[in-house]
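Q: Please take a close look at the salt bridges of this chain. Which residues take part, and where do the partners lie?

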Amino acid sequence: MFVGSNDGILEHLALSGITIAVGLLVWLVLHYLIRIVVKRALSENTMIEHRSLRWAAPVLRNIDPVMRRLENERRVQRARTIGSLLNSIVTAVVAVVTGFYVLIAFQIDIAPLLASVGVVGIAIGFGCQQLIRDFLAGIFITIEDQYGIGDVIETSEVIGTVEAVGLRITRVLAEDGTLWYLRNGEILRLGNRSKGSYRPPAVDSPDATDALSTPRQDAVPAAAPGPASSVPTTNEPSESAE
């Protein structure tokens, strides 16, 4: 009796060990593939950029090295963000699936567990709506390349230069030196001044302002109201009170 039970336990342990090993192998392979894809994407972007701009090499030598460093940093951060997101998704999916198969290896009914996980997931989804919204907005901002490091953006809250772009928060340095932390899900309307052909609004010159505020010299001043003059306006001689 004990021998049979021990054999059954050992069989379950062996099956669960194989399941965990397979899950770990799948996780390592997927992480390796993601790393290769991210590196290849960076190298392809660099090669395309060099090929398309080879004719302008003499001009590119005079470009500000700070701008080139910002563009490179922006591309690297974007690739790393997408790679980190994919790694997190792969890790979560592989861990959940492997855990379910381990429970199945021990002949545990996972139907009630799946129902409980579904209810808990719905509750967490309702409780963390804003957090999920921020992460989804950050994912689309990164994938669509709406803005990046070094871009000057304008929102309803602030106008400044982007210093960092994350999945939940964007860090912006305002024109007055204030460092703003904007939640991605709350950015409803945004303008990127670094893309397109932005032109600063025309400012009136001080001379024009003075001309508008200073009255013209040839203008006839209006007569100031005052008491009626005692000097007679007729040509008749006035009688003296002698």
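**Salt bridges of the chain**

A: In this predicted model, Arg183 pairs with Glu186 in a salt bridge whose closest N and O atoms are 3.6 Å apart. Arg183 has a relative accessibility of 29% and therefore counts as partly exposed; Glu186, at 42%, is likewise classed as partly exposed. The pair does not stand alone: through salt bridges with shared partners, Asp134, Arg183 and Glu186 are joined into one network.

The count of salt bridges comes to four. One of them connects Glu154 with Arg193, with 3.1 Å between the closest N and O atoms. This bridge links distant parts of the chain, since its partners are 39 residues apart. Glu154 belongs to strand S1 (residues 152–155), whereas Arg193 sits in the loop between strand S5 (190–192) and helix H6 (206–213). With a relative accessible area of 36%, Glu154 is partly exposed.

A further salt bridge brings together the side chains of Glu163 and Arg171, at 3.6 Å from N to O. Glu163 is partly exposed at 32% relative accessibility, and Arg171 is partly exposed with a relative accessible area of 28%.

As for the setting, the chain contains six helices and five strands. Their order from the N terminus is α-α-α-α-α-β-β-β-β-β-α. Of its 242 residues, 19% count as buried. Among contacts with a separation of 6 or more, 60% come from residues 24 or more positions apart.

Conventions
Residues numbered from 1 in each chain as written. Predicted model: local features only at pLDDT ≥ 70, side-chain atom pairs only at ≥ 80, totals over all residues. Heavy atoms only, no water. Helix = DSSP H or I, 4+ residues; strand = E, 2+ residues; numbered from the N terminus. Buried < 20%, exposed > 50% of the residue type's maximum accessible area, 1.4 Å probe, protein only. Contact = heavy atoms within 4.5 Å.
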